[in-house]
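Student: Please take me through one part of this structure in detail, namely the sheet and the core beside which its residues may be discussed.

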Amino acid sequence: YVRRDVVNSKAITDWAKSQGFTDIVPDLHVTIVYSRTPVDWFKIGATWDDEIKIPRGGPRQIEQFNGGAIVLLIASNMLMWRNEAAREAGAVSDYPDYQPHITISYGAMPEGEIEPYQGEIVLGPEIFEEVKADR
């Protein structure tokens, strides 16, 4: 399991509240890869940057996944590249296509139109963890 935590999570949480979300995920992050199949982390290699800044604007969308998660879809070539590197190293995902996103809530979708967050997104360093059976 490899992820990057959102450094400027307060800005995104404030935006989510302004859009009507009430049950906001406390640990905002972007998952790079989640593989139940063990992977040699060293084969994934190192990233170029310990922090990624996704600039304001660009393609953004709010979507509700089948499992109920409400997410902010974002575009990032760096995140796509890191997911591809993990898959080339043997990571196996439950999802055939990778779309970078930040899970905002598992609650109900707010009423009315939701304007996707358009501000800068700052992601911290990659965090590698073993997949736990209860996740």
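Tutor: The account below turns from the open sheet to another strand pair and then to the nonpolar core.

The model is predicted: local features require pLDDT of at least 70 and side-chain atom pairs count only at pLDDT 80 or more, while totals for chains, interfaces and linings use all residues. Residues are numbered from 1 along each chain as its sequence is written, and side-chain values use heavy atoms, with hydrogens and water left out.

Three strands form an open sheet in the order β4-β5-β6, with antiparallel pairing. Strands here are DSSP runs of E with at least two residues, helices are runs of H or I with at least four, and both are numbered from the N terminus; two strands pair if DSSP finds at least two bridges between them. The edges are β4 (61-64) and β6 (101-105), each of which pairs on one side only. From one strand to the next, the twist averages 30°, where axes are lines fitted to C-alpha atoms and angles run from 0 to 180 degrees between N-to-C directions.

Strand β5 (residues 70-73) joins β4 through four bridges in the antiparallel sense. Within this pairing, E63 has V71 of β5 as its bridge partner, and Q64 stands opposite I70. Four bridges, again antiparallel, link β5 to β6, and there I70 has S105 as its bridge partner. Both faces of β5 are covered, with I70 and L72 buried on one side and V71 and L73 buried on the other. Buried denotes under 20% relative accessible area, exposed over 50% and partly exposed in between, with a 1.4 Å probe and protein chains only.

A further antiparallel pairing, over four bridges, connects strand β1 (residues 2-6) with β2; in it, R3 stands opposite T31. Strand β2 (residues 29-33) is mostly covered, four of its five residues being buried.

The largest nonpolar core has 32 residues, of which I12, W15, L79 and I121 touch the most other members. Such a core is a set of buried Ala, Val, Leu, Ile, Met, Phe, Trp, Tyr and Cys residues joined through side-chain atoms within 4.5 Å. Elements that give two or more residues to this core include β1, β2, β5, β6 and α3 (77-88). The largest share, four residues, comes from α3. Neighbours within four places in sequence aside, L79 is in contact (heavy atoms within 4.5 Å) with R4, V30, I32, I52, I54, I74, Y98, P100 and L123.
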